[in-house]
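Me: I would like to go through this structure step by step, with the reasoning set out before each result. Could we begin once the sequence and coordinates are in view?

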Amino acid sequence: MFAEGLLRNSRILVTGGGSGLGKEIARSCVALGATVYLCGRRSSVLEEAAAELGTGAIPIVCDIKSSEAIEAMLDTIWASGPLTGLVNNAAGNFLARTEDLSMRGFDAIADIVFKGTFQMTQACGKRWLAGGTKGSVVSILATWVWNGSPFAVPSAMSKAGVHVMTQSLAVEWGGRGIRLNAICPGPFETEGASARLNPTGDSRFGWNPMGRHGTPQELGNLAIFLLAPGAEFINGQTIAIDGAAWQGTGQNFSALTEWSDAQWADAKAAARGIDARDKAARG
């Protein structure tokens with residue numbers, strides 16, 4: 001679909017790049033010649049992903065909840081040259097009735113998706129502006145930015161904030177060489193997200209009019225289109241790639257209004273089991 005070596009002179013940072021959708025976007029960029037920094041909190045995950053993706057993928061540990069950690073990471077990267085692109089992909093989510101939600105749980109999502117994404121975008125933006133260099137930011141959101149989502153309120157609020165940030169900074173920085181766009185992926189199978197957002201395996205979730213999941217390459221193609229030279233008049237846009245799922249179903253968790261207390265208890269127990277398994281794997 002793209003010319004070989006299209007991203008040969010590109011230097012792209014992908015937050016949450018060691019797994020899931022972030023790793024697949026990074027894979028697509030590396031295949032076209034980009035140098036891609038895989039940013040995340042777990043060095044072992046990042047190193048394994050970099051080894052899988054091959055030359056061009058560089059693991060770099062950073063917790064984007066910390067502005068100091070972000071500055072230190074970007075200092076290291078900029079020492080060998082400025083980034084040309086940033087993919088804000090790092091996220092977190094879980095299902096909960098809002099009346100059961102603690103502020104600790106709310107902050108666990110908002111500190112990454114809302115605050116962390118802004119901190120990363122601002123830190124890169126300040127460097128681009130100071131150096132007079134161009135930059136392209138692509139943030140991975142969800143269609144909830146348009147219609148909300150019950151039972152995922154911290155994520156819906158946070159991603160809606162990033163959607164508005166995208167629109168706002170596209171105007172503020174667009175005339176100075178920095179573009180901001182966003183992607184709302186629909187049903188793409190990733191182990192972590194699929195398990196946490198459908199812990200009971202309910203078959204109703206993920207349906208879309210095309211009757212299939214998206215492929216990693218399709219998502220990567222859209223990200224590359226927004227990052228690469230040749231589409232530089234696209235700015236301030238949020239684009240769904242979901243097979244028309246949100247038009248067809250709303251693509252949120254409205255169906256969970258039907259759940260009983262017992263079903264919520266089962267979902268909570270299933271989610272705790274997933275968390276315990278992941279902690280054991282990390283150990």
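What follows is a series of questions and answers on a predicted model.

Me: How does the radius of gyration of the protein chain compare with the globule rule, and how many helices and strands does the chain have?
Reply: The globule rule gives 19 Å for 283 residues, and the radius of gyration of the protein chain is close to that value, so the chain is as compact as a globular protein of that length. Along the principal axes, its C-alpha atoms fill a box of roughly 55 × 40 × 35 Å. The radius of gyration itself is 18 Å, and the secondary structure consists of ten helices and seven strands.

Me: What percentage of the contacts with a separation of 6 or more is made by residues 24 or more positions apart?
Reply: Burial can be taken beforehand, since buried residues make up 48% of the 283 residues in the protein chain. Among the contacts in the chain with a separation of 6 or more, the share that belongs to residues 24 or more positions apart is 74%.

Me: How far apart are the C-alpha centres of domain 1 and domain 2?
Reply: The protein chain is divided into domain 1, covering 11–250, and domain 2, covering 253–282. Taken between the C-alpha centres of these two domains, the distance is 24 Å.

Me: In what order do the seven strands form the open sheet, and which are the edge strands?
Reply: The pairing in this open sheet is parallel, and the order of its strands is E3-E2-E1-E4-E5-E6-E7. An edge strand pairs on one side only, which is the case for strand E3 (57–61) and strand E7 (238–241). From one strand to the next the twist averages 20°. The order asked for is therefore E3-E2-E1-E4-E5-E6-E7, with the edge strands being E3 and E7.

Me: Which residue of E2 is the bridge partner of Val14?
Reply: Strand E1 (residues 11–15) and strand E2 (residues 35–40) run parallel and are joined by five bridges. For Val14, the bridge partner in E2 is Leu38.

Me: What angle does helix H4 make with E4?
Reply: Two helices can be placed against the strands here. Helix H3 (residues 67–78) packs on the sheet, where it touches E1, E2 and E3, and its direction makes about 160° with that of E1. Helix H4 (residues 103–131) lies across E1, strand E4 (85–88), strand E5 (135–140) and strand E6 (178–185), and its angle to E4 is about 175°.

Me: Which residue forms a salt bridge with Arg27, and which residues make up the network?
Reply: The closest N and O atoms of Arg27 and Glu24 are 3.0 Å apart, and the two residues are separated by about one helical turn because they are three residues apart in helix H1 (residues 20–31). Arg27 counts as partly exposed at 29% relative accessibility, whereas Glu24 counts as buried at 19%. The salt-bridge partner of Arg27 is thus Glu24, and the network joined by shared partners is Lys23, Glu24, Arg27 and Glu52.

Me: How many residues apart in sequence are the parts that Glu71 and Arg127 tie together?
Reply: Glu71 forms a salt bridge with Arg127, with the closest N and O atoms 2.9 Å apart. Glu71 counts as partly exposed at 31% relative accessibility, while Arg127 counts as buried at 17%. Since Glu71 lies in helix H3 and Arg127 in helix H4, the separation in sequence of the parts they tie together is 56 residues.

Me: Is Thr76 buried or exposed?
Reply: Thr76 is found in helix H3, and its C-alpha atom is separated by 9.4 Å from that of Ile60, 16 residues away along the chain. Exposure calls for a relative accessible area over 50%, and because Thr76 has 53%, the residue is exposed.

Me: What is the phi of Phe151, and what is the phi of Ala244?
Reply: Phe151 lies in the loop between helix H5 (144–147) and helix H6 (153–174), and with a relative accessible area of 14% it is buried. Ala244 is found in the loop between E7 and helix H9 (245–249), and counts as partly exposed at 34% relative accessibility. Neither residue is a glycine, yet phi is positive, near 70° for Phe151 and about 70° for Ala244.

Terms used
Residues numbered from 1 in each chain as written. Predicted model: local features only at pLDDT ≥ 70, side-chain atom pairs only at ≥ 80, totals over all residues. Heavy atoms only, no water. Pairing = 2+ DSSP bridges. Helix = DSSP H or I, 4+ residues; strand = E, 2+ residues; numbered from the N terminus. Axes fitted to C-alpha atoms, helices over the stretch in contact; angles between N-to-C directions. Contact = heavy atoms within 4.5 Å. Salt bridge = Lys/Arg side-chain N within 4 Å of Asp/Glu carboxyl O. Buried < 20%, exposed > 50% of the residue type's maximum accessible area, 1.4 Å probe, protein only. Domains from an automatic or database assignment. Rg over C-alpha atoms; globule rule 2.2 N^0.38 Å.
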